[in-house]
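User: Please take a close look at one part of this model, a single strand and its surroundings. I would like one connected account of its pairing and its side-chain contacts.

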Amino acid sequence: SANTGYELKTHTVNGSSFESGNTLTVSAAVSVSATATLKSYTLTISSDAHAVVTVMRGSTALNSGDSINHFDVLTVTVSPKSGWKLSAADINGTAISPETAVIHTVSGPVTVTVTTAALSNVFIDTDGGKKRVLVIIDDNGERKIYRAVFR
């Protein structure tokens, strides 16, 4: 069998393919050969357009769909874009904090999930006066209206 993080690729006995678990009656010298390769997985980044998700393997930036290997060490950072806040962020279901680099050692497929919400509170100082403010945000051509705020 292969060690953790590897998968068995070939297994031969006396130069012929041999399935692990089978039996062989030995009557002379036997040559056993096996090869294993590092397991490879897919990185998935699931985020809306209002977050910045950075996944680094060493000095190499990775994107959703990239191949990652068992034992790779990833540095993951998530942050909201201006006017937005993170609602939730996680790596494989384990919550991560915004603006904090998180180190993750790969042991299977990795999914980074990030959701955001608009910041809807706008405060305008008018020398102590109250102003009613209507906030409209253009979200890729779709206008979204957020609640008015009094100050």
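Analyst:
Strand 5 and its surroundings

Strand 5 and strand 6 form a hairpin with two residues between them. In the turn, G58 has a positive phi of about 65 degrees. The model is a predicted one.

The two arms of this hairpin, strand 5 and strand 6, run antiparallel and are joined by three bridges. Within this pairing, R57 stands opposite T60 in strand 6. Strand 5 also pairs with strand 8: seven bridges join the two, and they too run antiparallel. V55 stands opposite V76 in strand 8.

These pairings belong to an open sheet of four strands, in the order 6-5-8-11, with antiparallel pairing. The edges of the sheet are strand 6 (60–62) and strand 11 (102–105). Each of these edge strands has a single partner strand, so one side of each is left without a neighbour in the sheet. On average, neighbouring strands of this sheet are turned by 35 degrees against each other, direction ignored. As background, strands of a sheet pair through backbone hydrogen bonds, either parallel or antiparallel.

R57 also has a side-chain contact. R57 forms a salt bridge with D72, and the closest N and O atoms are 2.9 Å apart. This pair links distant parts of the chain, with the two positions 15 residues apart in numbering: R57 lies in strand 5 (residues 51–57), while D72 lies in the loop between strand 7 (67–69) and strand 8 (73–80). The two partners fall into separate accessibility classes. R57 counts as partly exposed because its relative accessibility is 26%, and D72 counts as buried because its relative accessibility is 14%, the cut-off for buried being under 20%.

The count of salt bridges comes to two. Besides the R57 and D72 pair, K9 forms a salt bridge with E7, the closest N and O atoms being 3.8 Å apart. That distance falls within the 4 Å cut-off for a salt bridge. E7 has a relative accessibility of 34%, so E7 counts as partly exposed.

To return to strand 5, the strand is joined to strand 6 by three bridges and to strand 8 by seven. R57 stands opposite T60 in strand 6 and forms the salt bridge with D72.

Key. Residues numbered from 1 in each chain as written. Predicted model: local features only at pLDDT ≥ 70, side-chain atom pairs only at ≥ 80, totals over all residues. Heavy atoms only, no water. Buried < 20%, exposed > 50% of the residue type's maximum accessible area, 1.4 Å probe, protein only. Pairing = 2+ DSSP bridges. Axes fitted to C-alpha atoms, helices over the stretch in contact; angles between N-to-C directions.
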